[in-house]
Amino acid sequence: DSHWLHVHIADPTSILPATHEIAQRAHQVTTTLYFIDRTDPMLPHSDRFTKLSLGSGKAEGQPDRTLSFSFKVDSLGNILDYQVRAGLVRNVHVVRC
């Protein structure tokens, strides 16, 4: 028994050149940190950055560009196969706790 698990993350590099100030900041910070009580984002919260988040294209009927990581796992959680590729997602559901 095995199943594919797909993880999609926003791909701001698909619309931002590496020389852009936002890309430079992201390169310095490197990651968003997720804690139980808060999130320290890689990019600052701003309306200016909302189009870089998953789900931002939904209002305009556009897909979101992603990097998609797919893992084939067995019943014990062992990774049997994987793929990393550029992707487009349309039916994004954002869940906030």
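**Salt bridges and pockets in the predicted model**

Arginine 38 counts as partly exposed, its relative accessibility being 42%, in a model that is predicted rather than determined by experiment. Two salt bridges are counted in this predicted structure, and arginine 38 takes part in a salt bridge with aspartate 37, in which the closest N and O atoms lie 3.7 Å apart. Arginine 38 also forms a salt bridge with aspartate 40, with 3.6 Å between the closest N and O atoms. Asp37, Arg38 and Asp40 are thereby linked in a network of salt bridges. The two acidic partners can be described by their accessibility as well: aspartate 37 is exposed, with a relative accessible area of 65%, whereas aspartate 40, at 30% relative accessibility, counts as partly exposed.

Turning to the pockets, the largest pocket encloses about 1,400 Å³ of space and is lined by 41 residues, with Thr32, Tyr34, Pro41, Ser53 and Leu54 lying nearest its centre. Strand S1 (2–10) and helix H1 (21–29) each contribute at least two residues to the lining of this pocket, and the largest share, 4 residues, is supplied by H1. By residue class, the lining of the largest pocket comprises 23 nonpolar, 14 polar and 4 charged residues.

The second largest pocket has a volume of about 200 Å³, and its lining consists of 13 residues, of which Ile15, Lys51, Pro63, Asp64 and Arg65 are nearest the centre. The lining of this second largest pocket divides into 6 nonpolar, 3 polar and 4 charged residues.

Technical notes. Residues are numbered from 1 along each chain as its sequence is written. This is a predicted model: local features need pLDDT of at least 70, side-chain atom pairs count only at pLDDT 80 or more; totals for chains, interfaces and linings use all residues. Side-chain values use heavy atoms; hydrogens and water are left out. On a 1 Å grid over the protein atoms alone, a cavity is a set of points where a 1.4 Å probe fits but cannot get out, and a pocket is an open set with protein on both sides within 12 Å along at least five of seven lines; lining residues have an atom within 4 Å of a point. Grid points are joined across faces, edges and corners, and a volume is the space filled by probe spheres set on the points. Ala, Val, Leu, Ile, Met, Phe, Trp, Tyr, Cys and Pro count as nonpolar, Asp, Glu, Lys and Arg as charged, and the others, Gly among them, as polar. A salt bridge is a side-chain nitrogen of Lys or Arg within 4 Å of a carboxyl oxygen of Asp or Glu. Buried means under 20% relative accessible area, exposed over 50%, partly exposed in between (1.4 Å probe, protein chains only).
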